[in-house]
Amino acid sequence: MPNILIKVKTPIWTGDIDQTSDLLQSTGIVGSIRWWTEAILRSINKYACDPTSDEKCPEEVKNEKYYCSACLIFGATGMRRAFRLNMNGGKRTFAGRAINIKPSGRNRGWYLGSGIVGEIDLSIIPLNKDFDESLVFVPLILASKWGGIGARTQHGYGVVEMENYPKIDFNGFEEAVRKITDQERLSKLSELLYGSKSKILLRHENSNGFPNLREMFFAKVQFEVTDTDWWKKVDGIAPRSQDNYRGYTNDQRMIDWIKSGSVPISPAIKNWLRYKNGARLWKTGNQNQDRRIENWLFGTTERICSRCYEKVRKDRNNPKNFWCPNCSISLRKEETFERIASKINISCAYMIGDNLWEFRIWGWIPREGLPSGFDRDGFLNSLKKMLNGSGSVKIPWNELLGDQTKDHKLKVWREFDSSRDTVKPNESNINDYLQSLLRGEVE
């Protein structure tokens, strides 16, 4: 298989053993590709487990081992991955500790570590005769065109551009999935691994509650700049006299980040959307509901009750359990969330032409399991209108990105089977929709 060139547009975070990201870790990229693969599989009604949960594969019943489609590709206990990913290149964005960007009004900020920038050479080595390259290329292409790869995409990391990759058709991906999950193949694999002691079977379950391409949205916003130093006025990067915030306009770490080709604007926009006037897009006016919606929508590192998304504390009567003051009940550990991932990702800004910049807003907003009071369609309608300037909530671009930016506009909004989609409104054929995403269609 040919080598693929990946050009990093915003730093990639893959994580090292010391929680930095100074070196490229292929395992971090593989994990990200798996996440996108799971979302695609669920969109075509294939079950994909959460490999970080207690429900991960294999599910064992007597002498039978059940594996989901994703685990048959990416591996699990007793099942090796069907391919190996070799990656070389890239360099750290800057030297030193993480930057703590604090937009106006915030005492706590967003910590942004170095990450990896530059060019990366990628090659895929099949480890199984039934492996097809489209099983990796389809999720990787989708991520490169509409989202991001690696970790911390909610903080702006991971936007890449792929070059010299093979032409991929989504029907080929479906056929590759059918081939690698074929029961005749699994029976031969069972005989090879376990003889008559155990049998490998394909796992079929409900995938509700997990990321699904049918429930995701992807938007790109473009703007022009009138000065190459426009980034010095971005909220959180610019210094402020009113609270003695020094900012990062003269910090070598930030200067090196800018030289790599992107500007970390995510903290400024997320701060406005979560804590300032942008919160009108999701707030209900009920303080208890709004607190739960905020934790669910933007994520939290606190331990949260899985019933109501309220913070919990240790149960004094039973130290192994937790106590939810809202539900007034004792909870087992598995009935709580240690961390809720943000449903919304906002990328760094990256240059796409002379004085023309772009950033992405994308995420997964499920249709089921919503916090009480949250209106999914209402939120997405308001978010789109806000981005294209037609809504009642106006985003103060010049306050967030600086007055040397202008003509901010929503370039494209993609969403399956939705009138909000600006390319193929109400497209209800998931294969045609995914093929359109693979082509990167914007109009």
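Reader: Why is Asn212 called buried?
Author: Asn212 has a relative accessible area of 11%. Buried means under 20% (over 50% is exposed, in between is partly exposed; 1.4 Å probe, protein chains only), so with its 11% Asn212 counts as buried. Mind you, this is a predicted model, where local features need pLDDT of at least 70 and side-chain atom pairs count only at pLDDT 80 or more, while totals for chains, interfaces and linings use all residues. Residues are numbered from 1 along each chain as its sequence is written, and side-chain values use heavy atoms, with hydrogens and water left out.

Reader: Where does Asn212 lie?
Author: Look in the loop between strand E9 (199–202) and strand E10 (216–225). Strands (E, at least two residues) and helices (H or I, at least four) are DSSP runs, numbered from the N terminus.

Reader: Which residues does Asn212 touch, leaving out those up to four places away in sequence?
Author: Those are Ala39, Arg42, Ser43 and Trp364, where contact means heavy atoms within 4.5 Å. As for Trp35, its C-alpha is 9.9 Å from that of Asn212, although the two are 177 residues apart in sequence.

Reader: What makes the link from the side chain of Asn212 to the backbone oxygen of Arg42 a polar contact?
Author: The distance is 3.3 Å, and the limit for a pair of N or O atoms is 3.5 Å, with one able to donate a hydrogen and the other to accept it (residues adjacent in sequence count only if both atoms are side-chain atoms). The Asn212 side chain also reaches the backbone nitrogen of Arg214, at 2.9 Å.

Reader: And Gln404, why does that one count as buried?
Author: Its relative accessible area is 18%, so Gln404 is buried too. You'll find Gln404 in the loop between helix H10 (397–401) and strand E20 (405–415). Setting aside neighbours within four places in sequence, Gln404 has contacts that include Glu224, Asp227, Trp230 and Lys233.

Reader: How do you know that the span of helix H3 agrees with its number of residues?
Author: H3 runs over residues 134–146, which is 13 residues. The expected span is 1.5 Å times one less than the number of residues, so H3 should span 18 Å, and its end C-alpha atoms are indeed 18 Å apart.

Reader: Why is H3 called largely enclosed by the rest of the structure?
Author: Because 12 of its 13 residues are buried. Among them are Ser134, Phe137, Pro139, Leu142 and Trp146.
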